[in-house]
Amino acid sequence: VLDPSDAVSSFLLDCYREYRAHSDWLGGKEAAPLTLFDAITLIAMVRPELFTLQQVKVLAESDGRMRLTDDGSPVTYAMACDWERVKSVILELMRGDPR
């Protein structure tokens with residue numbers, strides 16, 4: 001849970017607000033998902049043991065959303081993660097304390 005009184009949480013909340021303000025999702029700006037795509041992707045690349053990765057095939061829809069399909073492009077997809085450890089890694093990196 002993000003705490004607005006915490007500097008890091010406040011920064012992340014500001015980033016989300018900015019992302020939503022400039023998103024163009026079907027259903028309007030409030031329908032835009034709140035996801036740290038890039039941070040999670042980078043962590044999965046350097047700490048794959050924190051994720052349950054699986055080879056799947058996806059198709060990109062015209063609205064930019066991805067759909068699992070039998071005839072799509074093969075990708076490695078994170079089906080699950082150890083969120084507490086991922087969150088710890090994110091906080092360590094933001095504090096400049098990578099282990």
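Analyst: Buried means under 20% relative accessible area, exposed over 50%, and partly exposed in between, with a 1.4 Å probe and protein chains only. This is a predicted model in which local features need pLDDT of at least 70, side-chain atom pairs count only at pLDDT 80 or more, and totals for chains, interfaces and linings use all residues. Residues are numbered from 1 along each chain as its sequence is written, and side-chain values use heavy atoms, with hydrogens and water left out.

User: Is Met 94 buried, exposed or partly exposed?

Analyst: With a relative accessible area of 35%, Met 94 is partly exposed. Met 94 lies in helix α3, residues 83-94; helices are DSSP runs of H or I with at least four residues, and strands are runs of E with at least two, numbered from the N terminus. The chain has three helices and three strands, in the order α-α-β-β-β-α from the N terminus.

User: How should a salt bridge be read, and how many does the structure hold?

Analyst: Side chains of opposite charge can pair when their charged atoms come close. The criterion is a side-chain nitrogen of Lys or Arg within 4 Å of a carboxyl oxygen of Asp or Glu. The structure holds five salt bridges. One of them joins Arg 47 and Glu 49 at 2.7 Å, N to O; Arg 47 is partly exposed at 25% relative accessibility, and Glu 49 is partly exposed at 49%.

User: Which residue forms a salt bridge with Glu 84?

Analyst: Glu 84 pairs with Lys 87, their closest N and O atoms being 3.7 Å apart. Because Glu 84 and Lys 87 are three residues apart in helix α3, about one helical turn separates them.
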